[in-house]
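Reader: I have a structure open and would like to learn how to read it. Where should one start?

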Amino acid sequence: MTDHTVVGDRVVLDVGFRAARTRLRVLAKGGMLLHASEAAYGEGITTLVELAGPGAGLTRLAEVCLEDLTETDDCAHIALQWEAIAADGKLFTALLADLMLVPAGDRVTALSLTGAYWPPPGPAGAGVGQVIARCCATAVIGSFLDSVACELGHPAGTAGYSPVRDHGVQP
């Protein structure tokens, strides 16, 4: 078994690419991606505790590093890195990923995240098999993407928006 889990997911937004790209720029500068990262990591650790026991909860997110948004006419991209503190106090990389927006039609945009996720090392992650690590990674990525998608779809936080998951083949 490898020490990381490859992650990827995509959400289709009912918003045009130009508007979504502008909103992503604002969210990145405004700290929303940091808050979404913290909430998603917490959700992943909650899942890990449910599946692997209370010792797995002895970790917390320490730092979220976001690269500057890079933009072209048909793509917007932000590289993410999450650093967490393990039960033994050591820093470890929890996520290395790319967050990307691409047009998926005239008024539709695809938001995707691909990368690698690491569960806590040492005693907190002891006994974490591939299935448990995958469940945790899925919870983390799903939570993060849903938060970002909701903000991109309704930047003022309008209720009633729900992103549509697209697990199909990428165009």
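**Reading the helices, then the strands**

Author: Start with one helix of this predicted model. Phe17, Ala20, Arg21, Leu24 and Leu27 are the buried residues in α1. They cover an arc of only 125° around the axis, which puts them on the same side of α1.

Reader: What is the general idea behind that?

Author: An α-helix has 3.6 residues a turn, so residues three or four places apart point the same way. In this case, Arg18, Val26, Lys29 and Gly30 are exposed on the other side of α1.

Reader: What do the buried residues of α1 pack against?

Author: Their packing partners are two helices and several strands, given here with residue ranges: α2 (32–52), β3 (70–72), β4 (75–85), β5, β6 and α3 (130–153).

Reader: How does the length of α1 compare with what its residues should span?

Author: Helix α1 covers residues 17–30, which is 14 residues, and at 1.5 Å a residue these should span 20 Å. The end C-alpha atoms of α1 are 20 Å apart, so the two values agree. After α1 comes glycine 31, with a positive phi near 90°.

Reader: And what does the check give for α2?

Author: Helix α2 has 21 residues, and from its first C-alpha to its last it reaches 30 Å, close to the 30 Å expected at 1.5 Å a residue. A glycine follows here too: glycine 53, just after α2, has a positive phi of about 105°.

Reader: Which residues of α2 are buried, and what covers them?

Author: The buried ones are Met32, Leu33, Ala36, Ser37, Ala40, Tyr41, Gly44, Ile45, Thr47 and Leu48. Their cover includes α1, β2 (60–66), β4, β5, β6 and α3.

Reader: Take threonine 47, in helix α2. Why does it count as buried?

Author: The cut-off for buried is under 20% relative accessible area. Threonine 47 has 16% relative accessibility, so it counts as buried. Apart from residues up to four places away in sequence, threonine 47 touches Cys135, Cys136 and Ala139.

Reader: Now the strands. What is the general idea there?

Author: In a regular strand the side chains alternate between the two faces of the sheet. For this structure, look at β6, which spans residues 109–117 and has seven of its nine residues buried.

Reader: Which strands are joined to β6?

Author: Strand β1 (residues 5–13) runs antiparallel to β6, with nine bridges joining them. Strand β5 (residues 91–103) also runs antiparallel to β6 and is joined to it by nine bridges. Glycine 115 of β6 can serve as a marker: its bridge partner in β1 is valine 7, and alanine 97 stands opposite glycine 115 as well.

Reader: How many residues lie between β5 and β6?

Author: Five residues lie between them, and the two strands form a hairpin. In the turn, glycine 105 has a positive phi of about 155°.

Reader: What does leucine 61 in strand β2 contact beyond its neighbours in sequence?

Author: Leaving aside neighbours within four places, leucine 61 is in contact with Ser37, Glu38, Tyr41, Trp82, Glu83 and Ala84. At 17% relative accessibility, leucine 61 counts as buried. The C-alpha atoms of leucine 61 and phenylalanine 92 are 9.6 Å apart, although 31 residues separate the two along the chain.

Reader: Is alanine 86, in the loop between β4 and β5, buried or exposed?

Author: Alanine 86 counts as buried, at 4% relative accessibility. With neighbours within four places set aside, the contacts of alanine 86 are Leu58, Thr59, Phe92 and Pro121. Its C-alpha atom is separated by 7.2 Å from that of arginine 60, 26 residues away along the chain.

Reader: What does the whole chain look like?

Author: The protein chain has three helices and seven strands, in the order β-α-α-β-β-β-β-β-α-β along the sequence. Of its 171 residues, 43% count as buried. Among contacts between residues at least 6 apart in sequence, 64% join residues at least 24 apart.

Reader: What is the mean pLDDT of the chain, and where is it below 50?

Author: The mean pLDDT is 83, and 85% of the residues reach 70 or more. Over residues 157–171 the pLDDT is below 50, and in the model this stretch has 27 contacts beyond near neighbours in sequence. Where pLDDT is low, the predicted coordinates should not be read in detail.

Conventions: Residues are numbered from 1 along each chain as its sequence is written. This is a predicted model: local features need pLDDT of at least 70, side-chain atom pairs count only at pLDDT 80 or more; totals for chains, interfaces and linings use all residues. Side-chain values use heavy atoms; hydrogens and water are left out. Buried means under 20% relative accessible area, exposed over 50%, partly exposed in between (1.4 Å probe, protein chains only). Helices (H or I, at least four residues) and strands (E, at least two) are DSSP runs, numbered from the N terminus. Two strands pair if DSSP finds at least two bridges between them. Contact means heavy atoms within 4.5 Å. pLDDT is the predictor's confidence in each residue, from 0 to 100. The expected span of a helix is 1.5 Å times one less than its number of residues. The arc is that of the directions from the helix axis to the C-beta atoms.
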